[in-house]
Amino acid sequence: MIQTATLAPDDIGLAAAAATLRAGGLVAFPTETVYGLGGDAGDDMAVARIFDAKGRPRFNPLIVHVAGVAQAEQIAVFTPAARDLARRFWPGPLTLVLPLRAAAGLSHLVTADLPSVALRVPAHPVALALLRAFGGPIAAPSANPSGRISPTTAAHVLEGLGGKIAAVLDGGPCAVGVESTILSLLDAPQILRQGGLAQEQIEAALGAAVLAGHDTSARPVAPGQLASHYAPNAGVRLNATLAEQGEVMIGFGPVQGDLTLSPSGDVVQAAANLFSSLRAADVLASQRGASRIAVAPIPNIGLGRAINDRLSRAAAPRS
Ligand code: TXA
Ligand code: MG
C-alpha cells in the first residue's frame, strides 16, 4: 500500500503530478469523459503499473493521450480524413486508431505490440494542463479496478484505487460521463466502442456511414471489451418498466425509479449520471438486501448507444 495524495489542479498540484509521472508513478486525472489512470506512455514499467493497479486480467492496448494534433502526428500516421476528424472533434471524446510510427517511442505494452495506436486529445483543462506540464504522451485507461464501474469523481477513484496509486488530481465531476468513442481508421472507418461522441456526428463529418462494432461480427470489437464489464455487485435487469420484488429501480424519462438517469429523458444527462447511478443503486441494494438492479429502457440513439453498450456489459452473465 502507498499513500495516495489528492492534488489540487493548481500549479503546485500539476507540477507534483508531472514529477510523479516522470518518475514512473501513476496519477489519476479528470478528463471530460471519465477519470483516467495516467502513466508515462513511453515507460513500460509505468504502463505495467497501470495494469497492476487496475488488476486487469489481460494486457489490452491503452489509449494514449496527447496535448494536440502536432504531438499526435509524431506518434501515428494521419490520413487527410483523420486530420479532418481531429481538427473537428479534438479536444474531445473521440479516440482515433491509426498506424503507429516506428520511431514514436511508445512502450510496447501500451499498444499491446500492435502496429496501431489509439490516440486522443481530452477536452478538460486539467488534463490538458497535465499533458503540457509532463510534456509527453500519457497512457490512461479509466481509473477503476478492472471490471468495475468507471469513475467520474476523484472520490470514485480513491474508492477503487486508493492505496495503489501515487496521486489523484481532483478536478471535480466529469461532464460527459462515458468513455470516448473509439474510431478505427485502419481500414474503412469503424467504431470499435460507442462513447461520448455520437456515431451520427462522426458520420455527418465524414459524409458517409461508418461500420459499428456490433454490425461486424467477423471483426473483434476493441480488444478488452470484456462481456461482463462495468459490473455492480447486484445483478442487473434491463428494459424494465416496473421494479419487481428485491430490485432497486433506475428510472429514465417517464419510467420512475428509486433514482433516475434523467427525469426529462435526456440521453446526454443520462450518460453523465450513468456510472454514479449504478454505484448509488448498488449501495442501495446492499442496504436493502436487494439482489438486483432494474434499469428502464434507454432509446438507442446518440449517447443512448454508449449507455446501452455499458448496461449490457453490466447485465452480462458473470463467469
Ligand atoms: O474516455 C476515455 O477514452 C478514457 C479516458 C480516461 O480518456 N480512457 C479509456 O482508455 O477508456 P482505455 O485505455 O480503457 O481504452 C482502451 C480501449 C480498449 O477497448 C482497447 O482495446 C482500445 O481502447 N484500443 C486501444 N488501442 C487499440 C488499438 N491499437 N486497436 C484497437 N483498439 C484499441
Ligand atoms: Mg475502463
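Strands β13 and β15 run parallel to each other and are joined by four bridges, and within this pairing V248 has I293 of β15 as its bridge partner. The model in which these strands are seen is a predicted one, and the pairing of β13 with β15 offers a convenient place to begin reading it. Strand β13 covers residues 247–251, and five of its five residues are buried, so that the strand can be described as mostly covered, where buried means under 20% relative accessible area. From β13 the residues E247, M249 and G251 point one way, while V248 and I250 point the other way, and all of them are buried. In a regular strand the side chains alternate between the two faces of the sheet. Strand β13 has a further partner in strand β14, residues 259–260, with which it pairs in the parallel sense over two bridges, and here G251 stands opposite T260 of β14.

From this strand one can step back to the chain as a whole. The secondary structure of the protein chain comes to nine helices and 15 strands, and its C-alpha atoms fill a box of roughly 60 × 50 × 35 Å when taken along the principal axes. A compact globule with 319 residues would have a radius of gyration near 20 Å, and because the protein chain has 19 Å, the value agrees with that expectation. Buried residues make up 55% of the 319 residues, while the accessible surface comes to about 13100 Å², of which 56% belongs to carbon and sulfur atoms. Among the contacts between residues at least 6 apart in sequence, 68% join residues that are at least 24 apart.

A second group of strands is centred on β9, residues 181–184, from which T181 and L183 point one way and I182 and S184 the other way, all of them being buried. On one side of the pairing, strand β5, residues 94–99, runs parallel to β9 and is joined to it by four bridges, with I182 of β9 as the bridge partner of T95. Strand β10, residues 190–193, is joined to β9 by three bridges, but these two strands run antiparallel, and the bridge partner of S184 in β10 is Q190. Together β9 and β10 form a hairpin, with five residues between them.

Strand β10 also leads to helix α9, since the buried residues of this helix pack against β10, β12 (235–237), α8 (267–288) and β15 (292–295). Helix α9 therefore packs against β15, the strand that was met at the outset as a parallel partner of β13. The buried residues of α9 are G304, A306, I307, D309, R310, L311, R313 and A314. Helix α9 spans residues 304–315, and at 1.5 Å a residue its 12 residues should span 16 Å; because its end C-alpha atoms are 16 Å apart, the model agrees with that figure.Charged side chains add another kind of link. Side chains of opposite charge can pair when their charged atoms come close, and the count of such salt bridges comes to 13. One of them involves R310, which forms a salt bridge with E179, the closest N and O atoms being 3.1 Å apart. This pair links distant parts of the chain, with R310 in helix α9 and E179 in the loop between β8 (167–169) and β9, 131 residues apart. R310 is buried, and E179 is buried as well. Both residues also belong to a network of salt bridges that links E179, D309, R310 and R313.

Helix α9 takes part in a further salt bridge, in which the side chains of R305 and E200 meet at 3.3 Å, N to O. Here too distant parts of the chain are linked, with R305 in helix α9 and E200 in helix α7, residues 199–206, at a separation of 105 residues. R305 is partly exposed, with a relative accessible area of 23%, and E200 counts as partly exposed at 33% relative accessibility.

A last salt bridge to consider brings together the side chains of E73 and R83, at 2.9 Å, N to O. Because E73 lies in helix α3, residues 69–75, and R83 lies in helix α4, residues 80–89, the pair ties together parts that are 10 residues apart in sequence. R83 is partly exposed, with a relative accessible area of 27%.

How values were computed. Residues are numbered from 1 along each chain as its sequence is written. Chains are lettered from A and ligands numbered from 1 in the order in which they are written. This is a predicted model: local features need pLDDT of at least 70, side-chain atom pairs count only at pLDDT 80 or more; totals for chains, interfaces and linings use all residues. Side-chain values use heavy atoms; hydrogens and water are left out. Buried means under 20% relative accessible area, exposed over 50%, partly exposed in between (1.4 Å probe, protein chains only). Two strands pair if DSSP finds at least two bridges between them. The expected span of a helix is 1.5 Å times one less than its number of residues. Contact means heavy atoms within 4.5 Å. The radius of gyration is taken over C-alpha atoms; the globule rule is 2.2 Å times the number of residues to the power 0.38. Accessible areas come from the Shrake-Rupley method with a 1.4 Å probe; for residues, only the protein chains shown count as cover. A salt bridge is a side-chain nitrogen of Lys or Arg within 4 Å of a carboxyl oxygen of Asp or Glu.
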